[in-house]
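Biologist: Could you walk me through this one and show how each label is earned? I'd like to hear the cut-offs as well as the verdicts.

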Amino acid sequence: MAVDGFMLEALALARKAAEEGEVPVGCVIVRDGVVVGRGYNTREADQNALAHAELSAIAEACQTVGFWRLPDCEMFVTLEPCPMCAGAVINSRIAKVTFGAADPKAGACGSVVDLFSYPFNHKPEVIGGVLAEESAALLSGFFRDLRDKNRNA
């Protein structure tokens with residue numbers, strides 16, 4: 001499957017998050033062309049600040065692969081990872097991160113800070129802006145609907 005195909009799968013997971021009232025972020029982890037981990041935001045349902053799409057996908061990938069290190073894996077996520085998720089990428093040794101929309105409020109791959117530019121023990125390759133318009137539209141539509149709902153409540 002091509003890069004766009006994996007991002008489309010991440011977008012489908014983001015849509016599922018939105019349907020469940022969660023901020024629409026979806027993530028897949030791929031190893032040798034096969035998805036080994038999937039996740040989407042579940043912070044509201046779980047009432048857990050750690051329930052980000054990336055962390056769920058990394059946890060599933062570790063279980064699937066049977067190892068906490070994922071050096072031969074790639075992450076595809078609809079929104080630029082935050083500092084917590086970028087830290088998890090470093091700690092799990094994911095080789096490459098491809099994201100959709102930049103996050104000017106919390107992005108840790110260059111928008112606010114670039115954690116991968118610091119002298120940590122691992123530096124993944126990063127590609128941003130893949131299906132960025134689709135990812136951004138999903139997010140902005142979600143927040144627009146949320147504002148409208150709160151205004152009419």
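Modeller: Sure. A nonpolar core here is a set of buried residues of the types Ala, Val, Leu, Ile, Met, Phe, Trp, Tyr and Cys, joined through side-chain atoms within 4.5 Å. Keep in mind that this is a predicted model.

Biologist: Which residues touch the most other members in the largest nonpolar core?

Modeller: That core has 29 residues, and Val25, Cys27, Ile29, Ile58, Leu70, Met75 and Ile94 touch the most other members. Two or more residues each come from β1 (26-31), α3 (53-65), β3 (73-79), α4 (83-92), β4 (96-101) and α5 (132-152). Helix α3 gives the largest share, five residues.

Biologist: What is Ile58 in contact with, leaving aside neighbours within four places in sequence?

Modeller: Ile58 is in contact with Ile29, Leu70, Met75, Ala88, Val89, Ser92 and Ile94. There's also a second, separate core of 14 residues, with Met7, Ala14, Val35 and Val130 among them.

Biologist: Ser92 was in that contact list. What makes Ser92 count as buried?

Modeller: Buried means under 20% relative accessible area. Ser92 has 4%, so it is buried. It is found in helix α4. Leaving aside neighbours within four places, Ser92 is in contact with Ile58, Trp68, Arg69, Leu70 and Pro71.

Biologist: And Trp68, why is that one called partly exposed?

Modeller: The partly exposed class sits between under 20% and over 50%. Trp68 has a relative accessible area of 42%, so it lands in that class. Phe67, at 40%, counts as partly exposed as well.

Biologist: What makes the pair of Phe67 and Trp68 tilted?

Modeller: Rings pair if their centres lie within 6.5 Å; planes under 30 degrees apart are stacked, over 60 edge-to-face, and the rest tilted. For Phe67 and Trp68 the centres are 6.2 Å apart and the planes at 35°, so they pair, and the pair is tilted.

Biologist: How many aromatic pairs does that rule give?

Modeller: Four. One of them is Phe6 with Phe76, 5.1 Å centre to centre with 35° between the planes, again tilted. Phe6 lies in helix α1 (residues 3-19) and Phe76 in strand β3, so this pair ties together parts that are 70 residues apart in sequence. Both Phe6 and Phe76 are buried.

Biologist: On to backbone angles. What is unusual about a positive phi?

Modeller: Most residues other than glycine have a negative phi. Arg93 has a positive phi of about 65° although it is not a glycine, and it lies in the loop between α4 and β4. Leu131 is another case, with phi near 55°. Leu131 lies in the loop between β5 (125-127) and α5.

Biologist: Is Leu131 buried or exposed?

Modeller: Leu131 comes in at 16% relative accessibility, and the cut-off is under 20%, so it counts as buried.

Biologist: How do you know that His122 is buried?

Modeller: His122 sits at 15% relative accessibility, against the limit of under 20%, so buried is the right label. His122 lies in the loop between β4 and β5. Its C-alpha atom is 6.2 Å from that of Arg93, with the two positions 29 residues apart along the chain counted as their separation. Not counting neighbours within four places in sequence, His122 is in contact with Val89, Ile90, Arg93, Ile94 and Ala95.

Biologist: Why is Tyr40 called buried?

Modeller: By the same reading of the cut-off, under 20%: Tyr40 is at 17% relative accessibility, so it counts as buried. Tyr40 lies in strand β2 (residues 34-40). Tyr40 touches Leu13, Lys16, Ala17, Glu20, Val25, Gly26, Ala51, Ala53 and Ser56, leaving out residues up to four places away in sequence. Tyr40 and Leu55 are 15 residues apart in sequence and 8.8 Å apart in space, C-alpha to C-alpha.

Biologist: Last topic, then. How much space lies in the largest pocket, and which residues are closest to its centre?

Modeller: About 440 Å³. Of the 19 residues that line this pocket, Val23, Leu79, Asp103, Leu139 and Phe143 are the closest to its centre. Helix α5 gives the largest share of the lining, four residues. By class, the lining has eleven nonpolar, three polar and five charged residues.

Terms used
Residues are numbered from 1 along each chain as its sequence is written. This is a predicted model: local features need pLDDT of at least 70, side-chain atom pairs count only at pLDDT 80 or more; totals for chains, interfaces and linings use all residues. Side-chain values use heavy atoms; hydrogens and water are left out. Buried means under 20% relative accessible area, exposed over 50%, partly exposed in between (1.4 Å probe, protein chains only). Contact means heavy atoms within 4.5 Å. On a 1 Å grid over the protein atoms alone, a cavity is a set of points where a 1.4 Å probe fits but cannot get out, and a pocket is an open set with protein on both sides within 12 Å along at least five of seven lines; lining residues have an atom within 4 Å of a point. Grid points are joined across faces, edges and corners, and a volume is the space filled by probe spheres set on the points. Ala, Val, Leu, Ile, Met, Phe, Trp, Tyr, Cys and Pro count as nonpolar, Asp, Glu, Lys and Arg as charged, and the others, Gly among them, as polar. Rings of Phe, Tyr and Trp (its six-membered ring) pair if their centres lie within 6.5 Å; planes under 30 degrees apart count as stacked, over 60 as edge-to-face and the rest as tilted.
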